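Grab a pencil and work through the exercises below. Try each one on the structure before reading its solution.

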Amino acid sequence: MTPSSGSSLNYEFNKDLKSFNTLGLPGCARQFASFNSLSELISLLHDARRQQLKVKVLGGGSNVLMPPRVEGLVLQSGMAGVTLLRQDQDSVWLKVDAGKNWHDWVLESLEYGHGIENLALIPGTVGASPIQNIGAYGVEVADVIDSVQGICLSSLQLVTLSNHDCRFGYRDSVFKRELNGDFIVTSVTFRLQKRFQPNVSYGPLASWAEQLPGFTAQQLIQQVCDIRSSKLPDPDEIANAGSFFKNPVVSAGQAAELKQRFESVPGYPQQDGSMKLAAGWLIEQAGWKGKTSGNITMHAQQALVLTTNGHATLDDVESAYKAVQKDVAGKFGVTLEPEPQLF
Ligand code: EPU
């Protein structure tokens, strides 16, 4: 691939990134540009290579820990198209550009099919959704992803990864591990189901569904939005990055030991015999629910969410989350792993 000649690339220098990350951490990029086509993106990548600039791509900024200064080129996709690729009797395949707002896509998906209703109101973009395999209320985006398209930074080639290639796990994928820093998601192909077969296995959804037989997909989305809004702070009002920690998975032996010491510890058995524990409960029991430390508060409605007062720095966040980790490890012997990644 060669850079498209004559395209005018609009760079911004020393770009303020505070409003580009939902934790509201102060940050600044040496160079910043957004792109509206693949050829523009490729030109930018060639340019960055010539200047020996490291490239980073920002989605909705809802899962990043922003450092004070990013010495490189930060890119953001302005592409938000939806293309119907094909369909059969049961399913429809749609290619969605990485820059599309995730919740807008959830709403629009109803025009085509079903499968992502439970993922309504998750902040961020379509391009970010496979990176950490976003999930909520019994559904993970991996359940509906057919493939992911993107550009390998080392080769500057367009690549398609099948669902299997993405090696999805709980809040995990190949993009977070083997391909970390070397892949830009440009679009995601979803396979939606034509028939509405809702997943209402999650407790609060199950009780709601029982009282409303025959509910519509629209109503399910509304219910998911209501549940989320009652527990999770709106990042536009209170700076946060959603769940700050992953729910830790412990061995069956450790889970049994914990159950003996703490009878009510919520745990979800995994297929391999291990147990996923509710990090929010552990944090609450460690005394951090609603607790403030400087500019950071662990949310009073859901202790798993770390919020800032808008004046926090990366150092503030790091010292607060390490204090939470220390207290949880001290009480339960369990290590909590942060969900957001250092940008
Ligand atoms: N809990 C507490 N105290 C708290 C929070 C939770 O005791 O402060 C207990 C609850 O009582 C419940 C259990 O923990 O028994 C689980 O809580 P919840 O249903 O709220 O779910 P979660 O495991 O804390 C996960 C996801 C959320 C997702 C919800 C619903 C992770 C890290 N988080 O939270 O995802 O919305 O399930 O499916 O897996 C996100 O990733 O940003 C996110 C919000």
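**Exercise 1.** Find which helices and strands each supply at least two residues of the shell around the ligand.

*Solution.* Start with the strands: β8 (135–136) and β13 (239–243) each supply at least two shell residues. Then add the helices α4 (217–231) and α6 (279–285), which each do so too. Helices here are DSSP runs of H or I with at least four residues, strands are runs of E with at least two, and both are numbered from the N terminus. The largest share, three residues, comes from α6.

Two notes on the model: it is predicted, local features need pLDDT of at least 70, side-chain atom pairs count only at pLDDT 80 or more, and totals for chains, interfaces and linings use all residues. Residues are numbered from 1 along each chain as its sequence is written, and side-chain values use heavy atoms, with hydrogens and water left out.

**Exercise 2.** Work out which residues come nearest to the ligand, and which polar contacts it has.

*Solution.* First, the shell: 25 residues surround the ligand, and Y137, Y170, Y202, E284 and Q302 come nearest (near means a heavy atom within 4 Å). Next, look for polar contacts (pairs of N or O atoms within 3.5 Å; within protein, one must be able to donate a hydrogen and the other to accept it, and residues adjacent in sequence count only if both atoms are side-chain atoms). A side-chain N or O atom of Y170 sits 2.7 Å from a ligand oxygen. S243 uses a polar backbone atom, 2.8 Å from an oxygen of the ligand. E339 brings a polar side-chain atom to 3.4 Å from a ligand oxygen. Finally, the cover: the ligand alone exposes 820 Å², and the protein buries 81% of that (Shrake-Rupley areas, 1.4 Å probe).

**Exercise 3.** Describe how domain 2 meets domain 3.

*Solution.* Begin with the bounds: domain 1 (12–77), domain 2 (82–193) and domain 3 (239–342) divide the protein chain, following an automatic or database assignment. The C-alpha centres of domain 2 and domain 3 are 27 Å apart. Now count contacts (heavy atoms within 4.5 Å): five residues of domain 2 touch five of domain 3. Together they bury about 590 Å², 40% of it on carbon and sulfur atoms (accessible area, 1.4 Å probe, lost on being put together and summed over both parts). Y170, R171 and K176 supply 78% of what domain 2 buries there, more than any other three residues.

Notes. Buried area = accessible area lost by both parts, 1.4 Å probe.
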